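This report introduces a structure to a reader who has not met it before. The sequence and the model are shown first, and the description follows.

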Amino acid sequence: MLRTIIENGGKAGKANVKVTAASKTGMGVVYDVATGKYKFPAAETAADIYFLDKSPVATGIDAARTNTSDYQTSFNTFAAGELAIGKVFAPGEEFATDQYDADTFISTAKGKRVSIGTDGALDIAASTVASPYIFLGTMTDGSHTLARILVADTAAKNS
Amino acid sequence: MAEFDIAEAIRNTNMYELACKTIDKVELDETEKLVTAELDQKFKDIGKTGYDKDREIAAFIQKAVNEELYNAPDEILDRIFDRDTITAADDFELVNAKNTLVTYEAAQGGNVPKSYIDLSVCTPKWKNRQVETEIKYADLEKNGWKTVAKITEYAVTALKNDMFTDIFNDIDGAISSGAGNYLAVGAAAMSQTAADSLALYTNDWGEDPIIVGYAKYIQQMNKLTGHESNAMKDELYRTGRLPVFDGIPLYPISGVRKKGDGTGLFVDKRVFGVAGKIGHLSMKGDVKTYETENNNLEKIDIKVANFNYGWALNSATADKVYKVVLS
């Protein structure tokens with residue numbers, strides 16, 4: 001799940017690119033120019049990241065349902081090779097995602113920089129990785145908990 | 001009376017009520033006596049010949065079960081659940097939205113962080129219960145109507161009791177230690193502080209509250225000292241129980257009446273405070289009663305099946321229920 005908290009209006013989201021592996025909305029991926037697809041980073045990084053998003057269009061039997069949760073699985077997963085929207089966040093914007101490690105994203109980690117791991121999920125960045133993404137704390141969205149991320153204009157390392 | 005009058009009388013009688021009245025030896029009115037005599041004769045004949053052409057016994061049990069299970073009120077469950085009946089090819093989902101929109105103090109002319117409302121969808125748990133028994137021809141021949149009446153009443157009670165226990169076991173499991181609606185008393189008896197916390201949480205919701213638990217715990221709550229009036233003492237003296245605690249109706253569950261397998265009717269060592277409606281309970285499809293004659297062993301096998309019910313709680317952690325745990 002990817003929620004925008006503060007976002008500049010009228011942004012573009014690249015929608016004609018497929019994902020290489022099965023993924024979820026809210027994961028961070030990099031764009032592989034050679035294959036023309038999104039893929040998980042080869043090593044922990046915070047550079048050139050796109051965050052995956054999907055429009056909640058009901059398909060199949062779900063089309064008959066009237067009330068659906070935004071967190072429904074079909075609205076938040078991509079099969080390998082499925083088209084995804086890749087969003088880029090600019091400095092000053094904030095977003096929230098549920099693809100994070102709940103054990104490390106605790107209250108004492110507020111203010112630390114975060115990076116994307118090789119599985120697409122967010123981790124507290126290792127001290128060697130420079131990142132512009134700052135962990136602001138968790139927020140409640142219905143019955144779900146999301147991690148709020150602020151985008152700074154300069155990449156920095158955790159001390 | 002003519003044939004069709006009797007048939008009409010049978011069709012219009014509440015079979016479950018008739019069965020209960022027979023077992024409890026309550027005086028029957030004219031029509032009921034007629035119906036009972038007719039059914040008695042029919043069943044005795046089946047006992048003699050071992051041949052139930054129209055599956056009368058099954059039809060009788062089926063009519064009684066449907067009347068009682070689907071039409072009769074069931075006080076506690078009716079209070080805490082929205083109930084309905086759905087067809088066998090149906091399902092339901094409960095959709096809830098919590099207000100998680102957040103406001104921020106803001107300088108004029110800018111933006112604040114967005115917050116979202118999410119619909120949480122609760123899918124129901126479905127259970128299917130079945131009860132089987134057999135009636136010997138000798139029994140039918142001798143007692144006829146009374147045998148079938150007894151089986152009917154007990155089958156219905158057993159099914160209802162198990163549904164009740166299933167639901168409350170589920171509610172018990174939904175609330176875990178450390179939650180805001182969980183209280184471990186640390187003793188075997190209800191204390192004033194425990195009862196106060198229970199009443200506070202349950203009343204706080206501002207909806208129709210009830211407190212339910214084994215009679216022994218309700219009695220402990222009744223006998224708490226410090227706030228008793230003369231009227232309360234008189235009531236206790238006369239009836240042995242007080243109907244409310246802090247404005248909340250008390251529902252004691254019998255601790256001595258057991259289910260068929262010897263287990264208790266309710267969750268032990270628990271008192272629950274339930275505020276208003278906590279979810280949805282649906283009965284699915286029709287209960288079916290099947291009978292199989294066995295002439296070799298001179299008995300009829302009875303199977304009451306497809307007692308299908310599903311419930312979904314409004315919140316996964318049963319927010320509107322307060323759980324008191326005693327040791």
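How many bridges join strand S2 (residues 94-97) of chain B to S3(B), and do the two run parallel or antiparallel? In this predicted model, four bridges join S2(B) to S3(B), and the two strands run antiparallel. Within this pairing, Leu94(B) stands opposite Cys122(B) of S3(B). Cys122(B) also takes part in an alternation of side chains along S3(B), which covers residues 119-122. Ser120(B) and Cys122(B) point to one face and are buried, whereas Leu119(B) and Val121(B) point to the other face and are not buried.

**The two chains as a whole**

The secondary structure of chain A consists of one helix and 13 strands. Read along the sequence, the elements of chain A follow the pattern β-β-β-β-β-β-α-β-β-β-β-β-β-β. Chain B, for its part, has 10 helices and 13 strands. The radius of gyration of chain B is 25 Å, well over the 20 Å that the globule rule gives for 327 residues, so chain B is more spread out than a compact globule. For chain A, with 159 residues, the radius of gyration of 15 Å agrees with the value near 15 Å expected of a compact globule.

The extents of the chains may be set beside these values. Along its principal axes, the C-alpha trace of chain A spans about 50 × 40 × 30 Å. The C-alpha atoms of chain B fill a box of roughly 90 × 55 × 35 Å, again taken along the principal axes.

The table lists the exposed area of each chain and the share of that area supplied by carbon and sulfur atoms.

| Chain | Exposed area | Share from carbon and sulfur atoms |
|---|---|---|
| Chain A | about 7500 Å² | 52% |
| Chain B | about 17100 Å² | 49% |

Burial can be stated for each chain in turn. In chain A, buried residues make up 45% of the 159 residues. In chain B, 44% of the 327 residues count as buried.

Contacts can be sorted by separation along the sequence. Among contacts in chain A between residues at least 6 apart in sequence, 64% join residues at least 24 apart. For chain B, the corresponding share is 80%.

Charged side chains are present in both chains. Chain A carries 15 positive and 17 negative side chains, and the centres of these two sets lie 2 Å apart. Chain B carries 39 positive and 52 negative side chains, with the centres of the two sets 4 Å apart.

**Two residues in their surroundings**

Ser131(A) is found in strand S12 of chain A, which covers residues 131-141. Is Ser131(A) buried or exposed? Ser131(A) counts as buried because its relative accessibility is 0%. Leaving aside neighbours within four places in sequence, Ser131(A) is in contact with Ala46(A), Arg113(A), Val114(A), Thr154(A), Ala155(A) and Ala156(A).

Asp301(B) has its place in strand S12 of chain B, which covers residues 299-313. Asp301(B) has a relative accessibility of 26% and therefore counts as partly exposed. Which residues does Asp301(B) contact, leaving aside its neighbours within four places in sequence? They are Thr133(B), Glu134(B), Tyr290(B), Glu291(B) and Thr292(B). Asp301(B) and Pro252(B) are 49 residues apart in sequence, and their C-alpha atoms are 36 Å apart in space.

Definitions and conventions. Residues numbered from 1 in each chain as written. Chains lettered and ligands numbered in written order. Predicted model: local features only at pLDDT ≥ 70, side-chain atom pairs only at ≥ 80, totals over all residues. Heavy atoms only, no water. Rg over C-alpha atoms; globule rule 2.2 N^0.38 Å. Buried < 20%, exposed > 50% of the residue type's maximum accessible area, 1.4 Å probe, protein only. Contact = heavy atoms within 4.5 Å. Areas by Shrake-Rupley, 256 points an atom, 1.4 Å probe, with all protein chains shown as cover. Lys, Arg positive; Asp, Glu negative; His and termini not counted. Charge placed at Lys NZ, Arg CZ, Asp CG, Glu CD. Pairing = 2+ DSSP bridges.
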